[in-house]
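Thank you all for making time this morning. Before I begin, please bring up the sequence and the structure, so that you can follow along as I go from one residue to the next.

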Amino acid sequence: MKTPRLATIATLLLAAGCGDSPTESARTEGPDLIVSVPDVPRRVPHGGSFSVQVEVLNRGTRTARRTQVRVLHSVDQVISADDAVLGSAFTDTIAVNETDRVVIGVEPPQGEFGTLFYGACVDPLPDELDPGNNCSSATGVEVYMPSPFGWVVDRSHESLTSRIMGSGQTSYQIYRSDAEGGGYGLVTELPASGEATTYADGGLEPNTVYYYKAVACNGPVCSEDSNEWGGLTEVVGPVDIPAVPRIRGEKVNVPFGTDKARVHWDPVPWATYYRVYHDNHLDAEVSAPATSYYDNHPNTFLGAYQATSYRVQACNKAGCSDFSETVTMLMPPWST
């Protein structure tokens, strides 16, 4: 009669030694981490980064120790720890029924467009009640082809050369018009060359303004039209150096941000482009017929607008004028 009892005790001891104790299989005390991603943008341009806010709730019975949170990219709309990791951060300790929030910056995979799926997982803790629920649901983010931008960088009496920039494109469609704002027609399609592509448009009329727009494409995926940019061809034969331009400055107020600056000048006859100097350093060349320059990096210090000075030269194939008068803009740090 003693043998079965001894066998039962031996079986219980063996089970405990193998880690199959009732206490381990039915743990009732410990943290339990639940993950969600409530703040994810719905659309982002290709090549642009964005931030994911991850919330980690401890709905267990004990404080959770610090652990790692990972933002992941899923191809099947189900987030798991095996998905591609795009960024990570660590939580603080999380008390029972409290939530910790971390913000993680990520970049979408290069060359992918359409709706991509993102989520987050938290590394399980050794004493966690349910380590099988540590990933959020998937959230869709549309990655779209951004519109390119271009500007004229060189000219002759029969050509205008533009530089076009974008992100993720493999080709461009170039449209031209001889009137601002309309009458555009496709003039060429050309392969993209990295971030910056140069396009020389020949066979143009001298002393004539032309306008351009571009569309960026990657296979069947194309952007919307770019903003319009224009250029003025040179005259045929000799020409005098343009006169000195008359300029004025404008401080551009940016609500809840650092103010910017814009410089304006009157059009100068025979000028085909203008050189803008910021604090005596060449900052940009602006092609005619444009007569202004927007500076999104004026002088600032700790968010306060500092003294910012500009001068402009009018130029053509004969050379550049003398410098204009200097215009200085100032927003004292104590101003509102």
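Let me start with a charge and a ring: in this predicted model, Arg43 lies over the face of Tyr144, and the distance from the ring centre is 4.0 Å. There is another arrangement of this kind, in which the charged end of Arg311 sits over the ring of Phe323, at 3.8 Å from its centre.

Please keep Phe323 in view, since this residue also takes part in an aromatic pair. The ring centres of Tyr277 and Phe323 are 4.9 Å apart, and because their planes stand at 80°, where anything over 60 degrees counts as edge-to-face, the pair is given that name. Where do the two partners of this pair, Tyr277 and Phe323, lie along the chain? Tyr277 belongs to strand S19, residues 273-278, while Phe323 is in the loop between strand S25 (319-320) and strand S26 (327-329), so that the pair links distant parts of the chain, 46 residues apart. As for accessibility, Tyr277 is buried, with a relative accessible area of 12%, whereas Phe323, with a relative accessible area of 33%, is partly exposed.

Now to the aromatic pairs more generally: the structure holds 5 of them. One of these is formed by Tyr212 and Trp229, whose ring centres are 6.0 Å apart and whose planes meet at 25°, so this pair is stacked. Tyr212 lies in strand S14 (residues 209-218) and Trp229 in strand S16 (residues 229-232), and the pair therefore ties together parts that are 17 residues apart in sequence. Both Tyr212 and Trp229 are buried.

I would like to finish with the backbone, beginning at Pro289, which is found in the loop between strand S20 (281-287) and strand S21 (292-295). The peptide bond that leads from Ala288 into Pro289 is cis, with omega near 15°.

Which phi value does Trp270 have, positive or negative? Although Trp270 is not a glycine, its phi is positive, at about 70°, and the residue is found in the loop between strand S18 (260-265) and S19. Asn280, which is found in the loop between S19 and S20, likewise has a positive phi, near 75°, in a residue other than glycine. With a relative accessibility of 57%, Asn280 counts as exposed.

Definitions and conventions
Residues numbered from 1 in each chain as written. Predicted model: local features only at pLDDT ≥ 70, side-chain atom pairs only at ≥ 80, totals over all residues. Heavy atoms only, no water. Phe/Tyr/Trp six-rings, centres within 6.5 Å; stacked < 30°, edge-to-face > 60°. Helix = DSSP H or I, 4+ residues; strand = E, 2+ residues; numbered from the N terminus. Buried < 20%, exposed > 50% of the residue type's maximum accessible area, 1.4 Å probe, protein only. Lys NZ or Arg CZ within 6 Å of the ring centre and 35° of its normal.
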